[in-house]
Amino acid sequence: MIPIARHSALQAVRSNLRPRAFNQPAASALARLLSTLAVLEQRDGKLQASSLSAIAAAQKLGGPVTAFVAGNNVKGTSAAEAAKIKGLDKVLAVDNEAYEKGLPENYAPLLVENIKKGEYTHIIGGHSAFGKSLLPRVAALLDVQQISDITGIESEDTFVRPIYAGNAILTVQSTDPTKVITVRGTAFQGVETEGGSAGIVEGADPKAPAQTEWVSEELAKSERPDLATASRVVSGGRGLKSKEEFDRVIVPLADSLGAAIGASRAAVDSGFADNSLQVGQTGKNVAPQLYLCAGISGAIQHLAGMKDSKVIAAINKDPDAPIFQVADVGLVGDLFDKVPELTEKLKSQ
Amino acid sequence: MASGLRILVPVKRVIDYAIKPRINKAQTGVETAGVKHSLNPFDELSIEEAVRLRERKGPLKVDNILALSAGGAKCADTLRTAMAMGADRAFHIDVADSNDGGLEPLTVAKMLKEVVNKENINLVLLGKQAIDGDQGQTGQMLAGLLGWPQATQASKVDVKDDKGTVEVTHEVDGGVETLRAQLPMVITTDLRLNEPRYASLPNIMKAKKKPLEKKTLADLGVEDKRRLKTLKVTEPPARQGGGKVEDVNGLVSKLKELGAL
């Protein structure tokens with residue numbers, strides 16, 4: 001062993017003369033060192049869906065995956081939940097109420113401290129409000145250029161992401177030593193949430209001061225499946241004309257399908273539906289089994305958020321609406337007649 | 001703390017939101033030549049908010065609104081639009097046009113940090129994302145580099161007192177959240193924040209007389225370092241519409257056929 005090591009060390013010294021011969025060993029050494037930190041999002045002790053997509057993407061990279069979670073007494077709750085996820089190396093947890101709301105001013109230094117300590121090559125979080133707000137700040141503190149909202153991993157330094165509202169697909173290679181990445185939830189799924197037994201390890205806590213104070217929140221309460229992860233989505237647009245009509249027509253259809261409710265920007269701007277239900281480039285990205293929409297024309301900004309759906313069905317009175325160019329099945333007609341009729345049919349089945 | 005608000009509004013010239021971009025033959029980017037460009041929609045919201053902060057005559061007076069854009073010569077048009085909406089002056093950071101989306105957000109953030117320090121800025125209002133690169137990073141990176149508080153995706157900005165306490169309501173998954181911080185800070189704007197005004201003809205004329213300074217990255221001591229390499233830009237997989245059905249029964253049976261019901 002020793003003579004071999006010495007021999008290769010000697011070769012390494014000579015490598016300037018024959019750089020080519022060293023490409024292979026260098027690449028595999030890199031692969032061996034690959035180590036990923038998946039940044040988990042938790043709320044009131046429960047892991048959020050974005051956490052699972054971060055882990056799914058991290059596992060796709062290969063190499064050991066450490067999960068990170070911080071907040072109020074997370075060790076007994078969300079960290080324990082994460083420890084059961086199959087295939088994790090360990091779970092780093094920091095119990096401190098200061099991180100409960102995920103405020104980036106103190107959460108970013110917390111992450112940076114743990115990243116530096118663990119020498120991770122990849123930092124992955126979900127492209128949720130939490131990840132979007134936090135990770136660019138982390139990337140800047142590490143002096144690296146983040147890669148946002150990826151939908152594919154080609155290799156440890158090459159990633160695929162949509163640009164121009166999904167009208168173009170960019171393949172990009174990062175030259176940064178540490179890759180900070182957010183991932184699109186609909187593109188990374190399939191984490192096994194049972195069967196793992198990762199150890200929970202105390203993370204470093206630099207206790208950076210929070211510069212912002214959390215005042216309050218107003219979350220839309222809903223018994224429905226979460227829009228971003230629902231297998232069926234029923235969506236309404238400007239064609240619904242008012243909030244009353246939206247509630248009268250769209251809600252029963254969603255009920256009959258057990259679907260989440262979405263909306264176009266026009267419907268949100270007109271006050272028919274809450275902003276958190278907006279589907280599109282600037283709202284949520286969804287990719288359900290069925291996306292059924294009514295009164296939505298299909299502007300590119302809306303298509304950006306739903307065109308990866310498995311099956312798209314559209315009801316619109318304008319036969320030339322762009323939505324029909326992407327819909328697997330289209331029905332031209334007045335939604336105020338057709339949607340209630342459809343709801344009745346589905347109920348009677 | 002502050003005697004008044006000295007606001008920086010970075011703006012980006014992007015392909016107009018209503019235009020479907022085309023990918024160039026070499027697959028290195030999208031075609032930009034001869035394509036209508038305009039002010040990034042989220043940046044319009046930040047200019048509007050800066051101007052409204054002035055008009056609201058809140059506890060803190062607006063001293064100055066500086067618009068800034070980095071890019072080729074045509075960015076000057078974008079900056080004139082910003083000044084016609086109410087910005088007082090503008091910096092054009094001259095950067096050669098490129099078809100890979102221009103400067104990386106980290107470079108932009110470093111550039112903005114220098115401007116913030118030199119111009120004694122205490123509030124930076126940015127759009128939450130540019131609709132070309134869809135990255136949504138610059139504001140957060142700037143806040144990180146400056147060590148300032150940040151509020152992303154703001155739907156309401158409220159200056160509470162003359163000490164510079166600011167409350168921001170912002171969009172989060174499933175609803176809104178309200179944060180409180182002290183100036184100086186960085187805020188990124190979301191669609192619900194306001195409705196941008198149209199520049200009136202007299203204001204467009206007046207904007208031509210407002211000061212527009214041309215600068216380079218070198219003037220600010222920032223290097224245009226590219227850390228991401230574009231390997232290719234391709235069309236998304238085309239989706240073929242499956243045609244239309246006659247009635248609701250047809251719709252239901254087609255959905256069953258497709259396995260969606």
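A residue is called buried when its relative accessible area is under 20%, exposed when that area is over 50%, and partly exposed in between. In this predicted model, A:K86 has a relative accessibility of 42% and therefore counts as partly exposed, and A:E192, at 47%, counts as partly exposed too.

## Salt bridges

Side chains of opposite charge can pair when their charged atoms come close. Over all chains, the count comes to 34 salt bridges, and the table lists some of them.

| Pair | Closest N and O atoms |
|---|---|
| A:K86 and A:E192 | 3.5 Å |
| B:R6 and B:D63 | 3.8 Å |
| B:D190 and B:K128 | 3.4 Å |

The pair of A:K86 and A:E192 links distant parts of the chain, 106 residues apart, with A:K86 in the loop between helix 4 and strand 5 of chain A and A:E192 in the loop between strand 11 and strand 12 of chain A. In chain B, the salt bridge between B:R6 and B:D63 links strand 1 with strand 4, at positions 57 residues apart. Here B:R6 is buried, at 18% relative accessibility, whereas B:D63 is partly exposed, at 34%.

For B:D190 and B:K128, which meet in a salt bridge, both partners lie in loops, so the pair ties together parts that are 62 residues apart in sequence. Both B:D190 and B:K128 are buried. Salt bridges that share partners also join A:E213, B:D158, B:K160, B:E167 and B:R180 into one network.

## A sheet with strands from both chains

Six strands form an open sheet with parallel pairing, in the order 15(A)-14(A)-16(A)-17(A)-18(A)-13(B). Strand 15 of chain A and strand 13 of chain B stand at the edges, each with a single partner strand, so one side of each is left without a neighbour in the sheet. Strand 13 of chain B pairs with strand 18 of chain A over two bridges, and A:L331 stands opposite B:V245.

Strand 17 of chain A, residues 311–316, is mostly covered, since six of its six residues are buried. In a regular strand the side chains alternate between the two faces of the sheet. On one side of strand 17 of chain A, A:V311, A:A313 and A:I315 are buried, and on the other A:I312, A:A314 and A:N316 are buried as well. The chain reaches strand 17 from strand 16 of chain A through helix 9 of chain A, in a right-handed β-α-β crossover.

## A nonpolar patch

On the surface, B:L201, B:I204 and B:M205 make a nonpolar patch of about 290 Å². B:L201, in helix 5 of chain B, is exposed, with a relative accessible area of 60%.

Technical notes. Residues are numbered from 1 along each chain as its sequence is written. Chains are lettered from A and ligands numbered from 1 in the order in which they are written. This is a predicted model: local features need pLDDT of at least 70, side-chain atom pairs count only at pLDDT 80 or more; totals for chains, interfaces and linings use all residues. Side-chain values use heavy atoms; hydrogens and water are left out. Patches are made of residues with over 30% relative accessible area and no salt bridge: like charges are joined within 9 Å, nonpolar side chains (Val, Leu, Ile, Met, Phe, Trp, Tyr) within 5 Å. Accessible areas come from the Shrake-Rupley method with a 1.4 Å probe; for residues, only the protein chains shown count as cover. A salt bridge is a side-chain nitrogen of Lys or Arg within 4 Å of a carboxyl oxygen of Asp or Glu. Helices (H or I, at least four residues) and strands (E, at least two) are DSSP runs, numbered from the N terminus. Buried means under 20% relative accessible area, exposed over 50%, partly exposed in between (1.4 Å probe, protein chains only). A crossover is right-handed if, with the strands pointing away from the viewer, the path from the first strand over the helix to the second runs clockwise. Two strands pair if DSSP finds at least two bridges between them.
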